[in-house]
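Trainee: Hi! Could you walk me through this one while I have it open?
Mentor: Happy to, let's take a look together.
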Amino acid sequence: MKKKIFALLTALCMTAAVLPAVFADGEEGDLTIGSTQEQCSCVTLCTEGNTNPDCPVCSAEGVTACKGEPAQPVLYGAPRAGDVPYLDESGQEQNCSDATPVTASDTTWTDTTTSGWYVAQGDITIGSKDDPQRVTVSGNVKLILEDGCNLTVNGGIDVSAGNSLTIYAQSAGSGTLTAQNVADYNAGIGGGDGGSGGEINISGGEISANGGYQAAGIGGGYYGSGGNITISGGEISANGGYQAAGIGGGN
């Protein structure tokens, strides 16, 4: 009888020695039998006052228990359109891999927070006849008009001295850009009231620009010079305001 009791005790001791290695979750001594330790289920990090109530860990332990991954930063603060083909000034097909899609909420195109490349896709209208929104070009901006796109800017595009806008088309060159409903004294594409136009290069697309009172369709605003305008392709319709040139300086 004593031998049986001794054998039973020996077996129990051996089982106890094995259990931590089999059932322990975490460091030795955190023994869990018949269940698993709760895991953090947060996708984003919890913050003070905003703890995920559906997470079994964070809802009980708070922010310090959160294992969520912080959101990754978005480069340049805007999505990219992927590879966009276009025809350069000499008619050769090129490819842009980092163009930002133009949206209806755009009021500035810049080369400081993006690559400076933009692409118009589909039908986009910026501003309205009753609420014109002028788009300001800052730095060296390049715009691709995808085939079949219709970009309308009610308020026109401000390209003042010291800045530049280059417009490219795709293979068929059927993308359109219309700058209209411009306030008095502002060019359709170019300078504002009393301002000269910057550098404007058009190599393709169907462009229609209407200037305000005594301002050019493409070029200078009222009393402003036309700047540097180069047209190497595309179909251009530029109408100046009262006594102003279609392309060139304001009156």
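Mentor: Keep in mind that this is a predicted model. Let's start with G148, which lies in the loop linking strand 8 (140–145) to strand 9 (150–154).

Trainee: Okay, is G148 buried or exposed there?
Mentor: G148 has a relative accessible area of 46%. Buried would need under 20% and exposed over 50%, so G148 counts as partly exposed.

Trainee: And what does G148 touch, leaving out residues up to four places away in sequence?
Mentor: With those left out, G148 touches S174 and G175. There's also A172, 24 residues apart from G148 along the chain, with 8.8 Å between their C-alpha atoms.

Trainee: Which way do strand 9 and strand 12 pair?
Mentor: They pair in the parallel sense, over five bridges. Within that pairing, N150 stands opposite T176 of strand 12.

Trainee: What about strand 12 and strand 15?
Mentor: Those two run parallel as well, joined by four bridges. Here T176 stands opposite E206 in strand 15.

Trainee: Why is strand 12 described as largely enclosed?
Mentor: Because four of its five residues (176–180) are buried, strand 12 is largely enclosed by the rest of the structure.

Trainee: Switching topic: how many residues are in the largest nonpolar core?
Mentor: There are 27, and the members touching the most others are W109, L143, L151, I157, L165, L177 and I189. Strand 8 gives the largest share of this core, three residues.

Trainee: Which residues does I157 touch, with the same sequence neighbours left out?
Mentor: Among them are W109, L165, L177 and I189, along with R134 and V135. A second, separate core has eight residues, including V84, C96, W117 and V119.

Technical notes
Residues numbered from 1 in each chain as written. Predicted model: local features only at pLDDT ≥ 70, side-chain atom pairs only at ≥ 80, totals over all residues. Heavy atoms only, no water. Buried < 20%, exposed > 50% of the residue type's maximum accessible area, 1.4 Å probe, protein only. Contact = heavy atoms within 4.5 Å. Core = buried A, V, L, I, M, F, W, Y, C linked by side-chain atoms within 4.5 Å. Pairing = 2+ DSSP bridges.
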